[in-house]
Amino acid sequence: MVSGDQKRYCMLMAVEDSDYVKKVYGGYFNVFLKAFGEEGEEWDLFRVFDGEFPDMDDLHKYHGFVISGSPCDAYGNELWILKLCFLLQTLDAMEKKVLGICFGHQVLCRALGGRVGKAYGGWDLGLRKIRIVDDLPLSSFFGGLEEIPPSLTIFECHQDEVWEVPMGAEVIAFSEHTGVEMFVLGEHILGIQGHPEYTKDILYDITHRLANNNSIQREFAEDAKSRLEIGEPDRKSWVKICKNFLKGR
């Protein structure tokens, strides 16, 4: 039983746990919980890639929703992706807080009328400095930072991207590689192309697996790993932004 003042969140997982993440973290759900969860909250997990979805009659019980990354294409027409799009349209109509990460960012855009596709610049993998727009719309989730920095570094791992944001949405961050690194729609939708929740070891493992299954060239993988060795993401700032957004601070 959830008390009236206890906040409840919904994790829409669009990726299977890797062997590494299962062994070290117990699954991606725990990675997200460690990054975004707080004491006294209740988080429910739905493996949407496996056809698990929250009951439509229960959506009002949640304070916020998080959509994970995925190796699948956000523009694909698999049944679960189409069902996810319908769910996101419903949550938008309810003005529920929805945070989309990587694939989640892209599928949010698609569901709400934007356009997504293969990244024009190919894979982006490793550390990436993204630039925050100067005329940032008034959004409470940046308020927890002492000041809004002109740029932030984040882990990236994607070969698709947002081509065009939905009507009414605003692009609030971009990079040399990707035109839409972040977008907002009203006060309830936030998409982030990078991975605020990732730790360096998780990205090392993903890079290794991508090279081993020939998804990327080994030279590209080694370059990405070498850049990881000499830099760090602004993880604390990213976690604070995501928490402020989800929890309405």
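## Strands, cores and a helix pair

Strand 6 and strand 7 pair antiparallel, with eight bridges between them. This is a predicted model, and that pairing is a handy place to start reading it. One of the facing pairs puts leucine 127 across from phenylalanine 155 in strand 7. On strand 6 there is also an antiparallel link to strand 9 (residues 170–174), made by two bridges. There, arginine 131 has phenylalanine 174 of strand 9 as its bridge partner. How enclosed is strand 6 by the rest of the structure? Largely, because seven of its nine residues are buried.

Now for the whole sheet. Nine strands make up an open, mixed sheet, and their order is 2-1-3-4-11-10-9-6-7. Strand 2 (42–47) and strand 7 (151–158) are the edges, each pairing on one side only. On average, neighbouring strands are turned by 25 degrees against each other, direction ignored. Strands in a sheet pair through backbone hydrogen bonds, in either the parallel or the antiparallel sense.

Here are some of the pairings, each with one facing pair of residues.

| Strands | Sense | Bridges | A facing pair |
|---|---|---|---|
| strand 1 (residues 8–13) and strand 3 | parallel | four | leucine 12 and isoleucine 67 |
| strand 3 and strand 4 | parallel | four | glycine 64 and lysine 97 |
| strand 10 (residues 182–185) and strand 11 (residues 189–192) | antiparallel | four | methionine 182 and isoleucine 192 |
| strand 6 and strand 7 | antiparallel | eight | leucine 127 and phenylalanine 155 |

Strand 3 (residues 64–67) deserves a look from the side: Gly64 and Val66 point one way, Phe65 and Ile67 the other, and all are buried.

That leads to the cores. In soluble globular proteins, nonpolar side chains tend to be buried together. The largest nonpolar core here has 48 residues, and Leu99 and Ile192 have the most contacts inside it. What does leucine 99 touch, leaving aside neighbours within four places in sequence? Its partners are Phe36, Phe65, Val66, Ile67, Leu108, Leu190, Ile192, Cys242, Phe245 and Leu246. Phe65, Val66 and Ile67 in that list belong to strand 3, where they are buried. Ile192 turns up there too, and it is the residue that methionine 182 faces across to strand 11. A separate core of 34 residues lies apart from the largest one, with Cys109, Ala111, Val165 and Phe183 among its members.

Back at the edge of the sheet, serine 151 sits in strand 7. Serine 151 and arginine 131 are 20 residues apart in sequence, yet their C-alpha atoms are 4.3 Å apart in space. Beyond its neighbours within four places in sequence, serine 151 is in contact with Lys129, Ile130, Arg131 and Ile132.

Helix 5 (residues 200–212) lies across strand 6 (124–132) and strand 7, and makes an angle of about 35 degrees with strand 7. How do helix 5 and helix 6 (residues 218–229) sit relative to each other? Their axes come within 9 Å and cross at roughly 170 degrees. Over 145 degrees counts as roughly antiparallel, so that is what helix 5 and helix 6 are. Helix 5 brings Lys200, Leu203, Tyr204, Thr207, His208, Ala211 and Asn212 to the contact, and helix 6 brings Arg218, Ala221, Lys225, Leu228 and Glu229.

A few loop residues round things off. Histidine 195 is in the loop between strand 11 and helix 5. Is histidine 195 buried or exposed? It counts as buried, because its relative accessibility is 4% and the cut-off is under 20%. The side chains of histidine 195 and glutamate 197 share a polar contact of 2.8 Å. Sequence neighbours within four places aside, histidine 195 also touches Gly69, Ile101, Cys102, Ile154, Phe155 and Cys157.

Cys102, one of those contacts, is in the loop between strand 4 (97–101) and helix 4 (103–111). Cysteine 102 is buried at 4% relative accessibility. Most residues other than glycine have a negative phi. Cysteine 102, though, has a positive phi, near 55 degrees. Asparagine 214 also has a positive phi without being a glycine, at about 65 degrees. Asparagine 214 lies in the loop between helix 5 and helix 6, and is exposed, with 68% relative accessible area.

Conventions
Residues are numbered from 1 along each chain as its sequence is written. This is a predicted model: local features need pLDDT of at least 70, side-chain atom pairs count only at pLDDT 80 or more; totals for chains, interfaces and linings use all residues. Side-chain values use heavy atoms; hydrogens and water are left out. Two strands pair if DSSP finds at least two bridges between them. Axes are lines fitted to C-alpha atoms, for helices over the stretch in contact, and angles run from 0 to 180 degrees between N-to-C directions. Contact means heavy atoms within 4.5 Å. A nonpolar core is a set of buried Ala, Val, Leu, Ile, Met, Phe, Trp, Tyr and Cys residues joined through side-chain atoms within 4.5 Å. Buried means under 20% relative accessible area, exposed over 50%, partly exposed in between (1.4 Å probe, protein chains only). A polar contact is a pair of N or O atoms within 3.5 Å; within protein, one must be able to donate a hydrogen and the other to accept it, and residues adjacent in sequence count only if both atoms are side-chain atoms. Angles under 35 degrees count as roughly parallel, over 145 as roughly antiparallel, 65 to 115 as roughly perpendicular and the rest as oblique.
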